[in-house]
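Q: Please take a close look at the salt bridges of this structure, one pair after another. I am new to it, so a plain account will do.

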Amino acid sequence: MTVATTERVTKTGRTNRRCWRVLMILENCSFPEDCRVANEARSLYEAGHQVVVISPTSKHDPKWFDDVGGVLAYRYPKPPEWGGLYGYIVEYGYSLTMAFLLSWVVLIRHGFDNIHAHCPPDMHVLIGQFFRFLGKRYVMDHHDLSPELYLAQTNGSGNQWVVSALRFFERWSCRAADELISTNETQRRLVIQRCGVAPERANVVRNGPRMDRFFESEPLAEYRETGHIVIGYLGCIGYQDGVDHLIRSLGFLREKLGRNDFRAIIIGDGPAVASLKSLTRQLTLQDHVVFAGYQSGESMRRHLASCDIAVTPDPPSDYNITCTMIKTMEYMAMRLPIVGYDLPEHRRSAGGASLYAKPGDELDLARCLEQLMDDPALRARMGKAGRLRIEEQLAWDYQKHHLLETYRKLRNESASADVRSPVST
């Protein structure tokens, strides 16, 4: 199958005649809030391709159409999150319908050569398969394992009809994709084994922070003036993310270990925030825990710069043991020492930048926090080691070449045909 190339006028006015037109579809949050999607879209754009992203709106990105640094964003009103069988049918049915309708808008106004679906949900294959009949190609970007994610969100008690449906769509989507992208080797091996994906179509593009987003910033005075050790969490706050483990470990830090010289900043937003605030009140930790809400840009950097220790509290589960946590590498980019559970992908990412608690043991998590609270020299060594690991191995600049190589394979091109725009990368 061959797809005609098109033109794109670059920022310097020169015409790029090898432009590949990419339509990305994202359901779980708004663009560009998902940093992986933002990194991939920007890298493809900087390599000379046309990129359009369809996503839901959010309170931070309410506009239905936007130009985000050259990447065009079409957004539809965010669906309700009701949970349960009927909640999933409504949420995903609505989102798929809106994404399908907007894909026709994109096709008519801009055109596209392939759909790059960010999964979950794996039901995006319905859109991908439809447009394959019109000569378009389909790339599945497998962020998370949908069945495991659903079970983690429901504490293992999810509806088995939903689990069966998620497994069906995962297998279909993986097998239908012209190219499949996973975030790490663990996920790649799993989808090859259980979905029957040909290894040559299974690619790894790891998460990694953009170094131009993470640099020294001025701490916020209201946190540093307390004289306490500041413990930080940054990221999505879903039920599977383990922020409740962090809150309970802070309770142990005070009640079992007798420490009151700490303050915690929870940076982010998500469906579990209300229950976490309730848990904080139950444990009478209101004077120790601040919910800072969603932060981005310089505000996000200043919040992280205010912290002495960062936490990746994701508990052990079939879902979390396969995940590469972007927050871990963002902590490392900001020179923060980390405490987290000893999970395989967390250790592969953090290396010597983290202390590792026994998986699921909240008291041990508290003991690791106490160890770092009492050892500023260790905090400094770990922070330095983490930053060096990002600079030398894990930054997005190292990962984006795997993305561009995947697109060369999709276009049946050699490495010498990589499209380069005048934009500095």
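A: Glu255 is exposed, because its relative accessibility of 55% is over the 50% cut-off. This residue belongs to a predicted model. The partner of Glu255 is Arg254, and the two form a salt bridge in which the closest N and O atoms are 2.7 Å apart. Arg254 has a relative accessibility of 14% and therefore counts as buried, the limit being under 20%. The pair thus joins a buried residue, Arg254, to an exposed one, Glu255.

A second pair is Asp314 and Lys327, whose closest N and O atoms are 3.2 Å apart in a salt bridge. Asp314 lies in the loop between strand E14 (309–312) and helix H11 (326–333), while Lys327 is in helix H11, so this salt bridge ties together parts that are 13 residues apart in sequence. Asp314 and Lys327 are both buried.

The third pair sits within one helix. Glu405 and Arg408 are 3 residues apart in helix H15 (residues 396–410), which means that about one helical turn separates them. Their side chains meet in a salt bridge, with 2.6 Å from N to O. Glu405 is partly exposed, at 33% relative accessibility. Arg408, at 11%, is buried.

Salt bridges can also link several residues. Arg42, Glu46, Arg210 and Asp212 are connected in a network of this kind. For the model as a whole, the count comes to 28 salt bridges, among them Arg254 with Glu255, Asp314 with Lys327 and Glu405 with Arg408.

Charged side chains can take part in other contacts too. Asp361 caps the N-terminal end of helix H13 (residues 362–373), where one of its side-chain oxygens lies 3.2 Å from the backbone nitrogen of Leu363. Helix H13 has 12 residues and reaches 16 Å from its first C-alpha to its last, close to the 16 Å expected at 1.5 Å a residue. The buried residues of H13 include Glu362 and Asp364, along with Leu365, Ala366 and Cys368.

For contrast, there is a nonpolar part of the surface. Leu85, Tyr86, Ile89 and Trp161 make a nonpolar surface patch of about 540 Å². Helix H2 (residues 84–109) gives the most to this patch, with 3 residues. Ile89 is located in helix H2, and its relative accessibility of 53% makes it exposed.

Notes: Residues numbered from 1 in each chain as written. Predicted model: local features only at pLDDT ≥ 70, side-chain atom pairs only at ≥ 80, totals over all residues. Heavy atoms only, no water. Patch = residues over 30% accessible without salt bridge, like charges linked within 9 Å, V, L, I, M, F, W, Y side chains within 5 Å. Areas by Shrake-Rupley, 256 points an atom, 1.4 Å probe, with all protein chains shown as cover. Salt bridge = Lys/Arg side-chain N within 4 Å of Asp/Glu carboxyl O. Helix = DSSP H or I, 4+ residues; strand = E, 2+ residues; numbered from the N terminus. Buried < 20%, exposed > 50% of the residue type's maximum accessible area, 1.4 Å probe, protein only. Expected span 1.5 Å × (residues − 1). Polar contact = N/O pair within 3.5 Å; in protein donor to acceptor, adjacent residues only side chain to side chain.
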